[in-house]
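This report looks at what lies around two ligands. Keep the sequence and the 3D structure in view while reading.

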Amino acid sequence: MRFKIYRYNPDVDEEPYMQEFVLEHVKPGMMLREALMELKNQDETLSFRHSCGEGVCGSDGVNINGLNGLACITPVAELTEPVEIRPFPGVPVIRDLVVDMSGFYKQYRSVKPFLIRYDPEPEVENLQSPEERDKLDGLYECILCGCCSTACPSFWWNPDKFPGPSALLQSWRFLADSRDQAMEERLDALDGPYKLFRCHTIMNCAYVCPKGLNPTKAIGHIKALMLKHSV
Amino acid sequence: MNIPVRRFDTLILGAGGGGLRAALQLARADAHVAVVSKVFPTRSHTVAAQGGVNAALANVTPDNWHWHMYDTVKGSDYLGDQDAIEYMCRAAAHLVYELEHAGVPFSRLESGRIYQRPFGGQSREFGGAQATRTCAAADRTGHAILHTLYQQNIRARTNFFDEYFAIDLIHDDEGAVLGVLTMDIATGEPLVIEAKTTLIATGGCGQLYRTTTNAHINTGDGMAMALRAGIPLQDMEFFQFHPTGIAGKGMLITEGARGEGGYLVNKDGERFMERYAPNVKDLASRDVVSRAISIEVREGRGCGPNADHVMLKLDHLGSDIVAKRLPGIRDTCKTFMHLDPVDTPIPVFPTAHYAMGGIPTDRFGRVVMPSGDSPEEVVPGLYAAGECACVSVHGANRLGGNSLLDILVFGRAAANDILGFLKNNRYHRPPNQTCIDKAYERFARWEKQGDGESVQAVRADLKKAMEDHCGVFRTEKIMQEGIDVIKAIRARLPDVRLQDQSKVFNTARIEALELENLADIAIATMRSAEARQESRGAHSRIDYPDRDDAHWMKHSLYTLEDDSLDYKPVRTKPMSVETFPPKKRVY
Ligand SMILES: Cc1cc2nc3c(=O)[nH]c(=O)nc-3n(C[C@H](O)[C@H](O)[C@H](O)COP(=O)(O)OP(=O)(O)OC[C@H]3O[C@@H](n4cnc5c(N)ncnc54)[C@H](O)[C@@H]3O)c2cc1C
Ligand code: SF4
Ligand code: SF4
Ligand code: FES
């Protein structure tokens, strides 16, 4: 199987280039992460992040034949050759497939991604009905891989101002939580031309999310809540 | 070499559940805390925990901490320390409520309370009917807990050193631990972080084995750092094989699958656990179920063309339960096996999963080691918590759901003790320069160029050796060979060379440092295992099939420097209740 992989090491390379690799033995059911590990055995200098190997840690997001995805849950058999692997678009490259995610994390922190309650704490759990809890499904599972935000044109153009789909999904995760008591603060923080309304519902985010989550829908919910709230 | 230095009150190595729980406690108490992690915090392997965390909330069936304590002592095959176990089980409910308050999206019961499911080894009234004690967020409990703890740390403004790799501990002439030498992975530059206390929370070492439920990063770095600092590792022979890893691949299928009603069958379709554990069947302790599967396969009753696994059946549960309670493992089965557990059984086999052993601590998270006449002298300034530590609450076999509890309870306990330590130790002590130089040497050694073996080749051999010589069933001969093989592999290390000599995000260098760590832990594990001439918990010897309390109800301590073994007694006296004396263990 043939691969073309983006290479750039600021220590030695003037500029990025694509390196060709051939993988002789493609095992049945092989995932792209395993393939990359084999290629790294051929050329130890190939750098990429990875860890869990099962799509839960969110380390190994890369751009695969033009689409963002997690290497560890992408079967190589389904990819057209030569398989082109690049780092996430729109974010600075540290080396090879390793990108600088600090802007992405900063936007995550900016939406106050934590439960806020003002009531005194009970000595047991806060109650929440199964129906209320169901509202968090499709939201809390986010693994912060960044596939969505680095596929979002609005995030590319305004990485400092537009929180991006992942952070907005997290914002909605807390707005939707029956236990959270900071709706006003959260909505106020999202007010302004750059926050919510930079999303033009292009849907790239939902299309690439490896966990099947739908940030566009979450953004829609926030917009609706904001309208209702301002009336 | 002039290495830059940063100073904090207190340092935590590791941003998994253990490290983050401790950090939260410290940051909330306004201590100046630094957390070092070789990966971004939410990538830590706690994120992969599925089934849940144990606490006797009694939301579904009657329960109390004392029954939980009994089950844990019995599960440990009487090697657990009963004071620490009492402490953990008493603290459990409070810590789970605290997590809920922090935002963990636990699944819910109709009553609005936290959802709980039955897990293996849980009973009511000291060995009676099955208990329902494991608090769950679907089958993504670890993810829910790790993300919530990280979020609350953002709120508490903890200092994170993300993608910094800890190389070795730094101490002074009196042996007080004063911080660590790290490397900034992005730049390859060394940095010394000095602190009045250091908490090791670097997680497990499942990468010792070829087929494992553990992530690529679980290389036991903290354990190896302790070994190299002259601290022994405790009970390393007890390595848990989880009964239900996906056969040949290793991804975990949570015990919660059996908790929700799933069961195992052999090639004849027989529900074989009925023979091994007539009362609780598929919900026996993990060591019992893993042995049963191995025996079924060895005696020719395995499934598949090579008769090398058994099947886990969930197809009778209905799609509602699977979709609602086990969505994560359903995805995993679809992605990796192209099967839907709603209608097709899952091929499973015991898979390397969890280190019961680790850095010896007391129930305050303080690292302890023998010194003079005392078997447990505190190492000043050094703490350990989580999977890298051995308190020991798991003894010879950990119960499912007790590790997430362990990391929370002892992460917090360590933080509380650290706060006391900081009050009495206001000033930084000067570290010993030779010690820093030595740590730096280990790091710089990988700049040696030329021809030599690759890290990958040695790592592969090491994992194969552990699998062949230190698996579910063990004998004298297999383990003695294992020691020779591991020693031969260790002897190859000086001749390993890196082709990648650049500084920027050099993952090859990281893997080289990890390989050295694995090699240190491998020898500790093999040697401890070979010496223990009995079967207890996860350590099953064909040549010594029985537990031998008279000679072996004691903890092993392996020291790297002189490759020696020592032992210390089990703490059989709980804090306030009666001792649970050893009994024959039946399920
Ligand atoms: C697949 C799976 C499922 C599980 N399910 C359950 C369950 O349902 N219930 C249960 O109770 N237990 C479960 N366990 C066990 C439990 O999840 C782990 O034992 C526990 O999460 C370990 O937490 P920890 O904080 O000790 O370590 P980890 O979460 O592994 O964190 C280790 C941290 O140390 C850092 N680190 C390591 N080395 C270095 C270094 N050299 N330099 C800098 N940083 C370093 C890492 O970056 C990471 O942040 C499961 C385990 C696995 C593998
Ligand atoms: S739908 Fe909105 S958030 Fe998603 S990719 Fe498009 S612009 Fe970005
Ligand atoms: S929403 Fe999906 S794609 Fe975006 S960060 Fe979360 S898991 Fe990744
Ligand atoms: S390696 Fe963890 S998500 Fe791919």
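## Terms and model

A polar contact is a pair of N or O atoms within 3.5 Å. The model described here is predicted.

## Polar contacts of ligand 1

In one such contact, a backbone N or O atom of B:Lys38 is 3.0 Å from a nitrogen atom of ligand 1. The backbone of B:Leu404 also takes part, with an N or O atom 2.7 Å from an oxygen atom of ligand 1. With B:Ser37 the side chain is involved: an N or O atom there lies 2.7 Å from an oxygen atom of ligand 1. On its own, ligand 1 has 1,000 Å² of accessible area, and the protein covers 98% of this.

## The shell around ligand 1

How many residues surround ligand 1? There are 37, and the closest are B:Ser44, B:Thr46, B:Glu387, B:Ser403 and B:Leu404. Sorted by class, the shell holds 20 polar, 13 nonpolar and four charged residues.

Several elements of chain B each give at least two residues to this shell: α1 (17-28), β2 (33-37), β7 (164-171), β14 (346-355) and α11 (402-424). Of the shell around ligand 1, α11(B) provides the largest share, four residues.

## The shell around ligand 3

Ligand 3 is surrounded by residues of chain A, including the run A:Cys142, A:Ile143, A:Leu144, A:Cys145, A:Gly146, A:Cys147 and A:Cys148. A:Ser166, A:Leu169, A:Cys209, A:Pro210 and A:Lys211 also belong to these surroundings.

Which classes make up the shell around ligand 3? Nine of its residues are nonpolar, two are polar and one is charged.

Terms used. Residues are numbered from 1 along each chain as its sequence is written. Chains are lettered from A and ligands numbered from 1 in the order in which they are written. This is a predicted model: local features need pLDDT of at least 70, side-chain atom pairs count only at pLDDT 80 or more; totals for chains, interfaces and linings use all residues. Side-chain values use heavy atoms; hydrogens and water are left out. A residue is near a molecule or strand if one of its heavy atoms lies within 4 Å of it. Ala, Val, Leu, Ile, Met, Phe, Trp, Tyr, Cys and Pro count as nonpolar, Asp, Glu, Lys and Arg as charged, and the others, Gly among them, as polar. A polar contact is a pair of N or O atoms within 3.5 Å; within protein, one must be able to donate a hydrogen and the other to accept it, and residues adjacent in sequence count only if both atoms are side-chain atoms. Accessible areas come from the Shrake-Rupley method with a 1.4 Å probe; for residues, only the protein chains shown count as cover.
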